[in-house]
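Here is a short briefing to read alongside the model. Keep the viewer open and follow the points topic by topic.

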Amino acid sequence: MAASEPSARSTCTVSVGRRGGRGEAGARALERHLEGLSGVHDADVSFRTGTARVTYDGDVTGEDAIRDAVRERNVAVRDDADEATADASTRSDLQREAAFVALTLVGMVTGLATGWLDGPRLLAWAGYAVAYVFGGWYGLVGAVETLRHYRVDIDLLMIVAALGALSIGAPFEGAMLLFLFSLSNTLQHYAIGRSRRAIRSLVEMRPDEARVLRDGEAVTVPIDEVAVGDVFVVRPGDRIPLDGVVASGEGTVDQASLTGESVPVPKEPGDEVFGGTINESGSLEIEVTRQAHESAISRLIHMVERAQSEKAPTQRLIDRLEQPYVLGVFALTVVAIAVPLALGSEFTPTFYRAMTLMVAASPCAVIISTPAAVLSAIASGGRQGVLFKGGEHVEAAANVDAVAFDKTGTLTRGETQLTDVFVREDLADDSLSADGMLSLAAAVQARSEHHLARATVAEAEARSLAVPDARRFQSVAGKGVRADVEDATVHIGNRSYVQSVLEDASIEGLEPGLDRLETLEAEGKTSVLVVRERDGEAAVLGWLAFTDTVRPGAAEMIAELRSLGVEHVVMLTGDNERVAQQIADEVGIDEVQAELLPEEKVETIEALVDRYENVAMVGDGVNDAPALATATLGIAMGGAGTDVALETADVVLMGDDLGKIPYVLGLGRRTRRTLKVNLAIAFGAIALMVGAILLRGIPLPLAVVGHEGSTVLVSLNGLRLLGFRE
């Protein structure tokens, strides 16, 4: 069971035993039972996927009570703590179903061949008996369980149709119906199981043990016994067992399996690493930051399991219509028998035709068309480092017409960089170079924690400059800093700093310096003056310009969104308008909304929704949480598992790769097309066969082949989404 963090409203996902058959009416009954419990807000149950997701009030009820309520309905509850055992159980169930299908085929062929060869009648009926027992076993179990809750589903339709064929002396047709029914049912479970295994295989990426440093020696211990703060060693070629921060050592780590990054990422002390990724080069000592059950890969597994239990709107609609549709088919069958008999038709051909009509009108292909596609899409996204938190979000991605981006940390790296170092031209005679001025600035800024100061020091280190010592450091919040360096006081600050701190001084080169600041700010850069004060005289040495650099590929990503049909792209930021417009022009944004508070971002998203209806918001999942929740589709740059991103957004990019945003929308649109094709195949087959039966009277075997063939076809078509690429 995967659960969210404890709160007044919590969500848990219970693994339940899968049921034979194809109908989900029994799942609807369990949903109503769970929703009737005190404190339960919502329940989604699917016996196809073996999941029950329940949202409840943690102050009223709990997970144990929900498990007990599931067991009260004679539904098995599986413990997924041991993923390998759960997968083995699923494979065992599938193997048993396949064996039943094989026995059904053997029995059907035995009965048919014995009849053709005028063999013993007892052998023929024995063969058909085997076919009926093994072919109808899972359907009968599902139908009986559903009837216990006063519901009907398509499993009952198939059982009644097969028995009807037997009653009119057509045992082969009934056996063939059960064979194809059980075969397509097994293929359906295989298709859904494969999409689940595509994600559950992530468990194999998580090592069972870690080499932890204890008293200076590396000791191998199970990962469940490793605590936060422990340090473990990873050699080249090893998988990293747990999330942590590099304590010592340098190397490169292949994170493609988790974040989708195509090239290995360099790691050095202070860098974050994730469990399940591969250390390609260099020996690393890593300090644990999360326990095994809290790691990024564990969260991914649990979140995808929850996503697979949340149905898409199309699937919800089809599931709700299953009961009335089945009742309608039964009513149509009764009418198809009663009316011709009342008009004098013979019973046997009339009943045969009615059974054929029942088979043709059964909605098996319709029922499986949506989960086969949506679950495959979720699995495909998971393998690319894209986490859809439910089937409804896959469909929502297909309809996005406008996209809003946060700037800092989303379109840009979120890391200020020093881009320009300018020295006053008339100081050339003073032999002051750009590097010389930068070393003076870095000496002062080394004492500051401001992001501009960090960028200055980082650039000096990158240039391998000798930075002198600074004394008597002082800071004026929001304006600038100063310190004594060598034989002078060096001031670094904005216009406000110069005009307030140095207002009484005559500053050489001030006016040209202030003009240059305005020019740089007009270019979207944050800039400061460097002033040296010595012997009662002050002079502008030059100026530094900083900017938050655009992420590589941002402009190409925007172009791809337009090619997908996105009509409008907006940037929302709390930064000043000139800086924001500079970034927008660089990447091709249509509209800029700058200097916004979080609540103003929400108002902007609401206005976009009113204007375009379907709007996606892309943010870093922290300051943008309200806007992410307000948008039709919230997409978080998750940074491999940011807590707020995982909790708030509808889609999480496990790596900060902007290129995955067109992938999200493209996968949604491909899924929508697949759903349309599947539903067209399913309803088209039903309409074609029903029309042919009413007009020409096609035989039951042909109706069986058409009905089950369409079911197999939509399952395989949905499975194609597992191979979707950008």
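**A helix across a sheet**

Helix α23 (residues 660-695) lies across five strands, β15, β16 (402-406), β26 (615-619), β27 (633-637) and β28 (651-653), and runs at about 40° to β15. Please bear in mind that this is a predicted model. The mean pLDDT of the chain is 79, with 83% of its residues at 70 or more.

**The seven-stranded sheet**

- The strands that α23 crosses belong to an open sheet of seven, ordered β15-β28-β27-β26-β16-β24-β25, with mixed pairing.
- At the edges stand β15 (386-388) and β25 (591-593); each has a single partner strand, so one side of each is left without a neighbour in the sheet.
- From one strand to the next, the twist averages 20°.
- At the β25 end of the order, strand β24 (residues 568-572) runs parallel to β25 and is joined to it by three bridges.
- In that pairing, V570 stands opposite E591 of β25.

**Nonpolar cores**

- The largest nonpolar core has 54 residues, and the ones with the most contacts inside it are L157, L177, F330, M358 and V704.
- Setting aside neighbours within four places in sequence, F330 is in contact with V152, L156, L157, V160 and M358.
- Two of those partners, L157 and M358, are themselves listed with F330 as having the most contacts in this core.
- There is also a second, separate core, made up of 44 residues and including F388, V394, I558 and L665.
- Within this second core, F388 falls in the range of edge strand β15 (386-388), while L665 falls in that of helix α23 (residues 660-695).

**Salt bridges**

- The count of salt bridges comes to 13.
- D406 and K601 meet through their side chains in one of them, at 3.1 Å from N to O.
- This pair links distant parts of the chain, since D406 is in strand β16 and K601 is in helix α20 (residues 598-612), 195 residues apart.
- Are D406 and K601 buried or exposed? Both D406 and K601 are buried.
- R235 forms a salt bridge with D238, where the closest N and O atoms are 3.4 Å apart.
- R235 counts as partly exposed at 42% relative accessibility, and D238 is also partly exposed, with a relative accessible area of 23%.
- E459 and R463 form a further salt bridge through their side chains, at 2.8 Å from N to O.
- Here E459 counts as partly exposed at 22% relative accessibility, and R463 counts as partly exposed at 34%.
- D243, E272 and R290 are joined into one network by salt bridges that share partners.

**A largely enclosed strand**

- Strand β3 (residues 40-46) has five of its seven residues buried, so the rest of the structure largely encloses it.
- Its link to strand β4 (residues 51-57) is antiparallel and consists of six bridges.
- A43 stands opposite V54 of β4 in this pairing.
- In a regular strand, side chains alternate between the two faces of the sheet.

**Two exposed residues to look up**

- Y150 has its place in the loop between α4 (121-148) and α5 (154-167).
- With a relative accessible area of 78%, Y150 is exposed.
- Y150 and A29 are 121 residues apart in sequence, and their C-alpha atoms are 9.0 Å apart in space.
- E217 lies in strand β7 (residues 217-222) and is exposed, with a relative accessible area of 56%.
- The C-alpha atoms of E217 and V233 are separated by 9.9 Å, and the two residues are 16 apart along the chain.

**Where the predictor is more and less confident**

- Which elements have the lowest and the highest mean pLDDT? Strand β1 (residues 2-3) has the lowest, at 42, and strand β8 (residues 231-234) has the highest, at 92.
- The pLDDT is below 50 over residues 1-7, a stretch with 19 contacts in the model beyond near neighbours in sequence.
- Residues 81-85 also have pLDDT below 50, and this stretch has four contacts in the model beyond near neighbours in sequence.

Terms used: Residues numbered from 1 in each chain as written. Predicted model: local features only at pLDDT ≥ 70, side-chain atom pairs only at ≥ 80, totals over all residues. Heavy atoms only, no water. Pairing = 2+ DSSP bridges. Helix = DSSP H or I, 4+ residues; strand = E, 2+ residues; numbered from the N terminus. Axes fitted to C-alpha atoms, helices over the stretch in contact; angles between N-to-C directions. Contact = heavy atoms within 4.5 Å. Core = buried A, V, L, I, M, F, W, Y, C linked by side-chain atoms within 4.5 Å. Buried < 20%, exposed > 50% of the residue type's maximum accessible area, 1.4 Å probe, protein only. Salt bridge = Lys/Arg side-chain N within 4 Å of Asp/Glu carboxyl O. pLDDT = per-residue confidence, 0-100.
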